[in-house]
Structures are given as C-alpha cells and as structure tokens.
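Q: Please take a close look at the largest pocket of this model. What lines it, and where do those residues come from?

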Amino acid sequence: MADDINQRYLTLMYKIIDIDGVECQDFPEIFYPEGPEHVRRYDERTAKSICNACPVRELCLDYALAAREEYGIFGGLTPQERRLLRRR
C-alpha cells in the first residue's frame, strides 16, 4: 500500500515539475481553509476554482484518495467530499 501511495505521489510531483509548477504552490494557505466560516468558504471556493483549471487535478485527486489525505483541498475536493467519494 505504501509503495502505491509513494508511486502516485512521485507521478504527481514529476508531472508538476514537467509543467513548471502549479498555481496552488503560490497560495498553499487557501487549500487548508481556516478562520471564520465566511473566510473558510471563500478560500474553499477559490481553491476549487484553481483546481478546476489545473492540469494535474486528476493526479492530485488520485493521490489524495489513495493516501486518505484528511486535511486540505486536493483535486478540487474537500476532505468531506473525498470521504463521500471513497464510500461509493
């Protein structure tokens, strides 16, 4: 299992390097929303918008699902949305 997660992570990172980075690297704080609810919701919407235009979105989500990332927005989904997706 760990080897699979590591491989997915490396695949994601190599792709990010190959395309000279991704926008989420410039604003990491919005991908881990904190603070008052209105601030969290704004950051969540902004992060999802960035993810929707990202060329590695599917790889990012694939990694997050395999690794069972508990925090942050990965591949355009919140932790709650990823949990629901895994249950299907």
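A: Here is the largest pocket, followed by the second largest for reference.

The model is predicted, so local features need pLDDT of at least 70, side-chain atom pairs count only at pLDDT 80 or more, and totals for chains, interfaces and linings use all residues. Residues are numbered from 1 along each chain as its sequence is written, and side-chain values use heavy atoms, with hydrogens and water left out.

The largest pocket has a volume of about 380 Å³. A pocket here is an open set of points on a 1 Å grid over the protein atoms alone, where a 1.4 Å probe fits, with protein on both sides within 12 Å along at least five of seven lines. Points are joined across faces, edges and corners, and the volume is the space filled by probe spheres set on them.

The lining counts 21 residues, and Ile16, Val22, Cys24, Cys60 and Phe74 are the closest to the centre. Lining residues have an atom within 4 Å of a point. Helices H1 (2–18), H2 (37–52) and H3 (57–67) each give two or more residues to this lining. Helices are DSSP runs (H or I, at least four residues), numbered from the N terminus. H1 gives the most, with four residues.

By class, the lining has 17 nonpolar, two polar and two charged residues. Nonpolar covers Ala, Val, Leu, Ile, Met, Phe, Trp, Tyr, Cys and Pro; charged covers Asp, Glu, Lys and Arg; the others, Gly among them, are polar.

The second largest pocket has a volume of about 280 Å³. Its lining holds six nonpolar, three polar and six charged residues. There H2 gives the most, with four residues.
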